[in-house]
Amino acid sequence: MKSALRLLARFLPLLAVLAALGALAPALIPPGNPGSLNVEGFARLPVLSGGRMKPLDTVARSALLQIQHRQEVYLQDAAGLPPTQEMTLTPIEWLLDVFYRPARADTYRIFVVDNPDLLNLIGQTDESVAIHYPDTERSLLAGFDFMPSRWRRFSYRQIQPYLAKIENQAKLANAVDARQRTAFQRGVGDLFDSLVLYQRLENAVQVPGAADFVSELLKFQAALPDGIAALQAKEAGRPHNEALAQAMLHLGDRYAGLADATDVLAIPPPRATPDMSGWKTAGRSLLESFGTGQVDEVNLVYAGLGSAWRAQRADEFDHLISLYTRALQREFGPRLRKTDAEVRFNAAEPFYRAMPLFLVAFLLSIASWMFWPEPCRRAASGLVLLAWVILTAGIFTRMWLEGRPPVTNLYSSALFIGWGAVGLCLILEAAYKNAIGTAAAGVIGFGTLLIAQHLALSGDTMEMMRAVLDSNFWLATHVVVVTTGYASTFLAGFLALIYIVRGTLTRSLDPETALALSRMVYGIVCFATLFSFVGTVLGGIWADQSWGRFWGWDPKENGALIIVLWNALILHARWGGMVRQRGLMCLAVFGNIVTSWSWFGTNMLGIGLHSYGFTTAAFWSLAIFVASQLAFIALGLVPLKRWRSFRVPPKSPPPGGSGVPAASLHG
């Protein structure tokens, strides 16, 4: 038994990395078609949306994240019971149904409604939302919350009769300040936004519910010459075919409604332009046919794809995809390489797949302090390094797709802060080899990716930059440098958390480890002070060039300044002897509060040039985080005699120490 354990301990690092690689391998396989039709080819088709050219796959995924907070669409079984993992649609299959089979898409339960008052607004009762299982086993599991007992997602068909009520309540809610809105007002606003997004997608490429849009367009094309002549004669007061003129006016109204009902520009220009101008909605392109006398071929392609999708004619569907893709290659070849890569990137989900690696690495780091120190430490280091490589590859892929530096919005800032902090942790672990660096990397890596995943629910994470921010030079200097300051300040705080937790709740904080942690925190705070100061100065220079003033006491500017001042305060308190190890750690933990306020809090004030507005979910998350950090500071201020690791001060100074007893270092 002992020999088997020794053998396991010996090969644990290798086994951990191999198991992680085995779990990640499926992500490297290109996505395939779930059926006989080339839906992956459809997923790669480009459109212009949100100010950038993106594949339809991204449109589908970001829409589902906004509407239902997950990407897969689960289908009910024949008995109307909750869906299972086997009954799913991929995002692009769902989008195809929204485009071409709206009657079916309207039955999918994707709209999240949790608020009791909002449920009443859409005609739901306690009985209608209750799920009744036909068998005792599932009923018992539902009673213990192992299976859903109530519906929390509803279909468009269920909600459609109440659209007017929802719109009215949403208008009333929007008139109320975001900080004062009730749970019902927030819920009805979110539901209304989701319904509007869904309706825009239904109008993206053809008139919703058109029985045979291909035939309609072909008839429209054939009638265009005579129809235009009839309209011109009618306008000039000359004899004309009144029936044909009225038919043309009816189609004009029909396509005008289609043009104004979506923000997805699916029809590309005949020639690619550097500024991406010339893209049109399907309805706008059809309206322009009255001037050109010709229906754009892409309108016919999308209509043909719809006909083939509804009839599930694979040959016709795949042939149209092939023809259209070849036509796009001639004008948009280089850009299509990016949209194809974006589809692969979406399917790989590198940031989501790195999260469990960070979590397992953290658990192995904790285990290394209890048993198998070296094998568990090395296994944790290997997993952190692998997760960091995945994170690096994902960030660089995003940079290539956007043509931007790594930080352009809050989502990318979360990724970069995690990447920078984990990179510093790897350096610390290589220097000290005590699993502290990997433990901090596990917590920070998992936490920042969890934040990023939540931020992705707001829509496309590779959004177009605002005009004042459209500067790769300043994004690569000010934003990257100041975000590195954020990352290092957070790292110092989390290292201090490890010190406090190990010192008060375990007996694993020996004097040597305590001294190592103190040196780590001190060095990281020095690093953070430099980068936060330089980044803030660079931000002032950018502001001077953009707005004509170096400093305007904007909340975000104040937040950056507070980080610089707090890090400087920590250093001066340490240099002046006002704090030692424990005081240094408590101050570093408070740095987490200062940094989180500058990162998120200032943005939620609703004022200033960097504000995105108050959100209740972010406010409570920030409040809980701040409360947790204050609790850890209080724990760190517990009298030293109650610290489990230092009840009996050592008689000799720690190796490499300053000659001061460890107990006094912690006073």
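Here are a few friendly notes on helix packing and buried residues in this predicted model.

1. **Helices 10 and 11.** A good place to start is the pair formed by helix 10 (residues 163–174) and helix 11 (residues 183–202), which pack at an angle of about 125° with their axes 8 Å apart. Helix 10 and helix 11 are therefore oblique to each other, and their crossing is left-handed. On the helix 10 side, the contact is made by Leu 163, Ile 166, Glu 167, Gln 169, Ala 170 and Ala 173. Helix 11 contributes Phe 184, Gln 185, Val 188, Leu 191, Phe 192, Leu 195 and Gln 199. Sorted by class, this contact has nine nonpolar, three polar and one charged residues.

2. **Helices 12 and 13.** Next come helix 12 (residues 213–236) and helix 13 (residues 242–260), with an angle of about 120° and axes 8 Å apart. Helix 12 and helix 13 are therefore oblique to each other, and helix 12 passes helix 13 in a left-handed crossing. Residues of helix 12 in this contact include Phe 213, Leu 217, Phe 220, Asp 226 and Lys 234. Among those they meet in helix 13 are Glu 242, Leu 244, Met 248, Arg 254 and Tyr 255. The class count for this contact is twelve nonpolar, two polar and five charged residues.

3. **Helix 4.** You may like to look at helix 4 (residues 91–100), which is mostly covered, with ten of its ten residues buried. The buried residues include Ile 92, Trp 94, Leu 95, Leu 96, Val 98, Phe 99 and Tyr 100, and also the charged Glu 93 and Asp 97.

4. **The nonpolar cores.** Which residues touch the most other members of the largest nonpolar core? In that core of 91 residues, they are Phe 42, Trp 94, Tyr 302 and Leu 305. Trp 94 also appears among the buried residues of helix 4. Setting aside neighbours within four places in sequence, Leu 305 is in contact with Phe 42, Leu 45, Tyr 100, Phe 317, Leu 320 and Ile 321. There is also a second, separate core of 83 residues, which includes Leu 424, Leu 428, Ala 456 and Met 585.

5. **Thr 513.** Is Thr 513, in helix 22 (residues 511–547), buried or exposed? Thr 513 counts as buried because its relative accessibility is 11%, and the cut-off for buried is under 20%. Leaving aside neighbours within four places in sequence, Thr 513 is in contact with Ile 436 and Arg 502.

Note on methods. Residues numbered from 1 in each chain as written. Predicted model: local features only at pLDDT ≥ 70, side-chain atom pairs only at ≥ 80, totals over all residues. Heavy atoms only, no water. Axes fitted to C-alpha atoms, helices over the stretch in contact; angles between N-to-C directions. Helix = DSSP H or I, 4+ residues; strand = E, 2+ residues; numbered from the N terminus. Parallel < 35°, antiparallel > 145°, perpendicular 65-115°, else oblique. Left-handed = near helix turned anticlockwise from the far one by under 90°. Contact = heavy atoms within 4.5 Å. Buried < 20%, exposed > 50% of the residue type's maximum accessible area, 1.4 Å probe, protein only. Core = buried A, V, L, I, M, F, W, Y, C linked by side-chain atoms within 4.5 Å.
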